[in-house]
Amino acid sequence: MQAVGFGAAISIEKLSWGESVLGGDAEIRSPGDCNDSLVKLRCGRNARVVACATSYSVPPAALTEASVLTRERYGFRAQSSVTTEPSERSFMSAEQKVFEVVQKQAAMVNEERRRSVMSLQDVRSHFMAGSAVNVLDEAYVRCGEVCAEYSKTFYLGTKLMTPERQRAIWAIYVWCRRTDELVDGPNASRITPTALDRWEDRFEDIFRGQPYDMLDAALADTVTKFPVDIQPFRDMIDGMRMDMVKSRYANFDELYLYCYNVAGTVGLMSVPVMGIAPESKATTESVYNNALALGIANQLTNILRDVGEDARRGRIYLPQDELARFGISDADIFAGKVSDKWRAFMKDQIKRARVFFVEAEKGVRELDKDSRWPVWSALILYQKILDAIEANDYDNFTRRAYVAKWQKLVSLPVAYGRALVPPPDALARLSR
């Protein structure tokens, strides 16, 4: 799995991905030397920093309204899922399930907009040792270094954000990367369902203001500053669970849920930090739906790019019913056959991914002006991966579609130019 386009595995020496979840008493090592003021940040469950990171809540009425809207917007149909859900929701489609998460996040942001003063507490204020504030600053710096090393273009874009926003985005990025590494990194063969449960328990502690290490502390600090819902993070961990038990997807509904879990969630995590432009007239819900579409589009692109690599691991992240409709079998994929049937199938899959990209573009225009460039950059570059698959004559078995460095450099000013354009409604008012 390549959640949100993350690259090769990061060095264990640098961040010790996943070590703590492999054994109950294992320690995740943090960069830098440990001093007495950091013991609680680094030594696990028996020596926690207790910080009251307040969780956001949504009034019951808002959730009830979201449920009604879900039922009005979508019909009910049976669908299988590897996630465990209450019996009354067992007949919800993947889109229905995700729509409820979007509704809740949008309600949280709208509630936050109505507040005149932030009432949440800063994690820093709960550190007993004064030097721990410097540790938190160091943690954010380290998060930025990881982002710069593994997503250079996106990192460059974040430098245009306000310092508080860029640090928060780095913290979210690092948590997502560490989570992805559990099933895709050097320790993946040792990860068990129990280990993922430990990782989720540890994550829940972040939202309770009890970070396990300094990098967790950066995220704990972030969720006190922005109206970030906990559910997308939980759903991403569910995506890791899917990878452990599922190697085929019967239809696009199943694949959509997977794409949401491992990538669409990132959009829902990020929009509260990136912010919506004050002059935007778009609804909060629509911006979140557009952010979700970008995550789905990116993951579909990852899947199409990595067909050969995934097949060599016995995995096929393509809808089985659609493969059958084009007369393609699993054996054809494992054999790497680039036939006319395969080309027709790929054209159809690329068309779907581009529809999601078009939907995503609507939301990027509505983001705060300081946040648009990195998102436009990522969107443009991912679309070019689809172009590269086409240029390779749809051979994604033996040829990896990639974007050349010169193409990336050319894309940056294009993305920057698009980022300067205000939301459509604001642009229309300016032209009057």
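A contact here means heavy atoms within 4.5 Å. With that in mind, start with the whole chain on screen: among contacts with a separation of 6 or more, 77% join residues 24 or more positions apart.

**Before you click**

You are looking at a predicted model, in which local features need pLDDT of at least 70 and side-chain atom pairs count only at pLDDT 80 or more, while totals for chains, interfaces and linings use all residues. Residues are numbered from 1 along each chain as its sequence is written, and side-chain values use heavy atoms, with hydrogens and water left out.

**Stop 1: the overall view**

Colour by pLDDT, the predictor's confidence in each residue, from 0 to 100. The protein averages 78, and 71% of the residues score at least 70. Now select residues 22-90: pLDDT stays under 50 there, and the model gives this stretch 153 contacts beyond four places in sequence. Residues 116-129 also have a pLDDT below 50, with 34 contacts beyond near neighbours in sequence.

Switch to cartoon and you will find 20 helices and 0 strands. These are DSSP runs, numbered from the N terminus (helices are H or I, at least four residues; strands are E, at least two). Of the 432 residues, 55% are buried. Buried means under 20% relative accessible area, exposed over 50%, and partly exposed in between, using a 1.4 Å probe and protein chains only.

**Stop 2: L304 in helix 13**

Select L304, which sits in helix 13 (residues 284-305). Its relative accessibility is 2%, so L304 counts as buried. Draw a C-alpha to C-alpha distance to L386 and you should read 8.1 Å, for two residues 82 apart in sequence. Leaving out residues up to four places away in sequence, L304 touches L318, M346, Q349, I350, L386, I389 and N396.

**Stop 3: salt bridges**

Side chains of opposite charge can pair when their charged atoms come close. The rule used here asks for a side-chain nitrogen of Lys or Arg within 4 Å of a carboxyl oxygen of Asp or Glu. The whole structure has 31 salt bridges.

Show D368 and R165 first; their side chains meet at 2.9 Å, N to O. D368 is in the loop between helix 17 (340-364) and helix 18, and R165 is in helix 8 (residues 163-184), so this pair ties together parts that are 203 residues apart in sequence. Both D368 and R165 are buried.

Next, select R400 and D306, a salt bridge whose closest N and O atoms are 2.9 Å apart. R400 is in the loop between helix 18 and helix 19 (405-419), and D306 is in the loop between helix 13 and helix 14 (307-312), so the pair ties together parts that are 94 residues apart in sequence. R400 is partly exposed at 46% relative accessible area, whereas D306 is buried at 3%.

Then pick D370 and K369, whose closest N and O atoms are 3.4 Å apart in another salt bridge. D370 is partly exposed at 22%, and K369 is exposed at 56%.

Finally, select R178, R202, D213 and D216 together to see a network of linked salt bridges.

**Stop 4: R372, a buried charge**

Move to R372 in helix 18 (residues 372-391). Which side chain of opposite charge is nearest to R372? It is E279, 4.8 Å away, and the buried R372 has no salt bridge. For this comparison, Lys and Arg count as positive and Asp and Glu as negative; His and the chain ends are not counted. The side chain of R372 does reach the backbone oxygen of V421 at 3.5 Å. Beyond four places in sequence, the residues it touches include A277, V364, L420, V421 and P422.

**Stop 5: the loop between helix 18 and helix 19**

Select D393, found in this loop. D393 has a positive phi of about 60 degrees although it is not a glycine, and its relative accessible area of 37% makes it partly exposed. Y394 lies in the loop too. For Y394, also not a glycine, phi is positive at about 65 degrees, and 10% relative accessibility makes Y394 buried.

**Stop 6: the cysteines**

How many disulfides are there? The count is 0, taking a disulfide as a pair of cysteine sulfur atoms within 2.5 Å. Select C147: the closest cysteine sulfur, in C143, is 9.3 Å from its own, too far for a bond. C147 is buried at 0% relative accessible area. End the tour at C176, which is buried at 1%.

Definitions and conventions
A polar contact is a pair of N or O atoms within 3.5 Å; within protein, one must be able to donate a hydrogen and the other to accept it, and residues adjacent in sequence count only if both atoms are side-chain atoms.
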